Amino acid sequence: MGRVYNFSAGPAVLPEVVLKEAQEEMLDYRGTGMSVMEMSHRSAAFQQIIDEAEADLRDLMNIPDNYKVLFLQGGASLHFASIPMNLMKNGVADYIITGQWAKKAYEEAKKYGKVNAIASSADETFSYIPDCSDLPVSEDADYVYICQNNTIYGTVFHELPNTKGKELVADVSSCFLSEPIDVEKYGVIYGGVQKNIGPAGVQIVIIREDLLREDLPKTVPTMMNFKVQADKGSLYNTPPCYGIYICGKVFKWIKNMGGLEAMKVHNEKKAAILYDFLDQSKLFKGTVRKEDRSLMNVPFVTGDKELDAKFVAEAKAAGFENLKGHRSVGGMRASIYNAMPMEGVEKLVEFMKKFEEENK
């Protein structure tokens with residue numbers, strides 16, 4: 001069996017050229033006589049890998065010098081706790097709830113201070129992004145928190161909220177490096193890499209230096225202290241070495257593709273193929289308000305659970321993997337991250353047209 005079209009929400013499809021390069025270097029990384037998997041994180045060879053990965057990421061995102069880049073572990077979910085631990089000075093934070101991950105982050109943050117939900121789209125099953133132009137931001141809020149792209153519900157903040165001068169913290173797990181962003185609009189940008197960048201096990205945290213604190217409460221675990229991690233160059237303990245190595249290769253792949261501007265154009269074209277079909281289909285329909293649609297995650301339904309299940313089963317048999325929607329919402333979801341080729345989406349739409357014909 002050849003490669004399938006993998007529409008998984010994460011761990012997700014990676015660029016084939018990256019996998020091939022890793023395959024070639026698996027037993028002997030550049031004359032070291034060993035795999036990166038076997039290499040000491042204190043070695044010169046690994047130091048070069050992590051330094052180059054950081055330099056390429058800084059270059060891709062135009063990250064200013066006064067921001068630190070950390071390669072950490074624990075899943076984005078660990079940072080639902082480490083964000084309030086590191087950023088709460090007044091013990092107050094405001095959260096915008098646009099999906100399950102923002103909600104989980106909000107619940108976790110409540111363990112560490114007073115947390116306000118200042119906007120939510122739960123009333124319509126998170127199918128839209130609320131108006132965030134004039135929110136009741138708390139006067140003493142340490143930060144305002146968003147999940148920028150909602151993997152499960154397929155919405156995205158096309159415009160950032162007006163935080164009224166407060167720090168913006170964003171979980172960008174499922175839209176990382178899919179288009180250019182202005183890093184200086186954020187205090188912290190973070191996310192798991194297993195959707196757009198690499199294998200599961202690495203989180204990238206981009207944090208402005210003045211938010212790193214000497215005076216954290218003694219109860220904050222050393223491993224979750226962003227300042228300690230920054231001071232040690234993400235090498236306080238053994239980092240997820242192999243994952244970082246793959247991320248570095250993906251950064252180079254994106255640069256070769258023309259950088260984030262080119263990625264955005266590519267992703268918009270891909271998403272348009274699928275959304276245009278959904279908008280004219282008699283059988284399938286998208287579940288998100290048009291102006292809030294994600295370029296990365298496209299949920300859709302037929303309106304009939306049995307037909308949905310039939311579609312997922314037949315799609316799988318035809319080589320389209322992982323199209324089942326998240327267990328909390330059902331239906332279908334196509335995650336079309338950077339590494340999903342244009343032809344994968346074109347073939348999917350062809351298959352959907354055929355399925356619609358056969359199931360009128």
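The following is a conversation about how features of this predicted model get their names.

Trainee: Which strands form the seven-stranded open sheet, and in what order?
Mentor: The order is β2-β10-β9-β8-β5-β3-β4, and the pairing is mixed.

Trainee: What makes β2 and β4 edge strands?
Mentor: β2 (67–72) and β4 (114–120) each have a single partner strand, so one side of each is left without a neighbour in the sheet. On average, neighbouring strands of this sheet are turned by 20° against each other, direction ignored.

Trainee: How do you know that β3 and β4 pair?
Mentor: Two strands count as a pair if there are at least two bridges between them. Six bridges join β3 (residues 92–97) to β4, and the two run parallel. As for single residues, I96 stands opposite A119 in β4.

Trainee: Which helices lie across this sheet?
Mentor: Helix α2 (residues 44–61) lies across β2 and β10 (203–208), at about 130° to β2. Helix α3 lies across β2, β3, β5 (143–147), β8 (167–171), β9 (188–192) and β10, and runs at about 160° to β9.

Trainee: What holds the strands of a sheet together in general?
Mentor: Strands of a sheet pair through backbone hydrogen bonds, either parallel or antiparallel.

Trainee: How are the strands arranged in the sheet that contains β11, β12 and β14?
Mentor: These three strands form an open sheet in the order β11-β12-β14, with antiparallel pairing. Its edge strands are β11 (285–286) and β14 (332–335), since each pairs on one side only.

Trainee: How do you know that β11 and β12 pair?
Mentor: The rule asks for at least two bridges. β11 and β12 (residues 297–301) are joined over two bridges, in the antiparallel sense. K285 has V301 in β12 as its bridge partner. Helix α7 (residues 259–280) lies across β11, β12 and β14, at about 20° to β12.

Trainee: Why are α3 and α4 called oblique?
Mentor: Helix α3 (residues 75–87) and helix α4 (residues 100–109) pack at an angle of about 50°, with their axes 8 Å apart. Angles under 35 degrees count as roughly parallel, and 65 to 115 as roughly perpendicular. The angle fits neither class, and α3 and α4 are therefore oblique to each other. Their crossing is right-handed.

Trainee: Which residues meet there?
Mentor: F80, A81 and P84 in α3 meet W101, K104, A105, E108 and A109 in α4. By class, the contact has six nonpolar, no polar and two charged residues.

Trainee: Why is α8 called oblique to α9?
Mentor: The axes of α8 (residues 305–317) and α9 (residues 342–358) come within 11 Å and cross at roughly 130°. An angle must be over 145 to count as roughly antiparallel, and 65 to 115 is roughly perpendicular. The crossing fits neither, and that makes α8 oblique to α9. α8 passes α9 in a right-handed crossing. L307, K310, F311, E314 and A315 of α8 make the contact with L348, F351, M352, F355 and E358 of α9. This contact has seven nonpolar, no polar and three charged residues.

Trainee: Why do α2 and α6 get the label oblique?
Mentor: Their axes come within 9 Å and cross at roughly 40°. The limit for roughly parallel is under 35 degrees, and roughly perpendicular covers 65 to 115. α2 and α6 are therefore oblique to each other. Their crossing is left-handed. The residues of the contact divide into 11 nonpolar, one polar and five charged.

Trainee: Why is the ring pair of Y242 and Y245 called tilted?
Mentor: Under 30 degrees counts as stacked and over 60 as edge-to-face. The planes of Y242 and Y245 stand at 55°, so the pair is tilted. Their ring centres are 5.1 Å apart, and the limit for a pair is 6.5 Å. Being three residues apart in helix α6 (residues 241–256), Y242 and Y245 are separated by about one helical turn. The count for the model comes to 17 aromatic pairs.

Trainee: What marks the backbone at P11 and at T125?
Mentor: Most residues other than glycine have a negative phi, and most peptide bonds are trans. A cis peptide bond joins G10 and P11, with omega about -5°. P11 is in the loop between β1 (5–6) and α1 (16–25). T125 has a positive phi, near 50°, and is in the loop between β4 and β5.

Note on methods:
Residues are numbered from 1 along each chain as its sequence is written. This is a predicted model: local features need pLDDT of at least 70, side-chain atom pairs count only at pLDDT 80 or more; totals for chains, interfaces and linings use all residues. Side-chain values use heavy atoms; hydrogens and water are left out. Helices (H or I, at least four residues) and strands (E, at least two) are DSSP runs, numbered from the N terminus. Contact means heavy atoms within 4.5 Å. Axes are lines fitted to C-alpha atoms, for helices over the stretch in contact, and angles run from 0 to 180 degrees between N-to-C directions. A crossing is left-handed if the near helix is turned anticlockwise from the far one by less than a right angle, and right-handed if clockwise. Ala, Val, Leu, Ile, Met, Phe, Trp, Tyr, Cys and Pro count as nonpolar, Asp, Glu, Lys and Arg as charged, and the others, Gly among them, as polar. Rings of Phe, Tyr and Trp (its six-membered ring) pair if their centres lie within 6.5 Å; planes under 30 degrees apart count as stacked, over 60 as edge-to-face and the rest as tilted.
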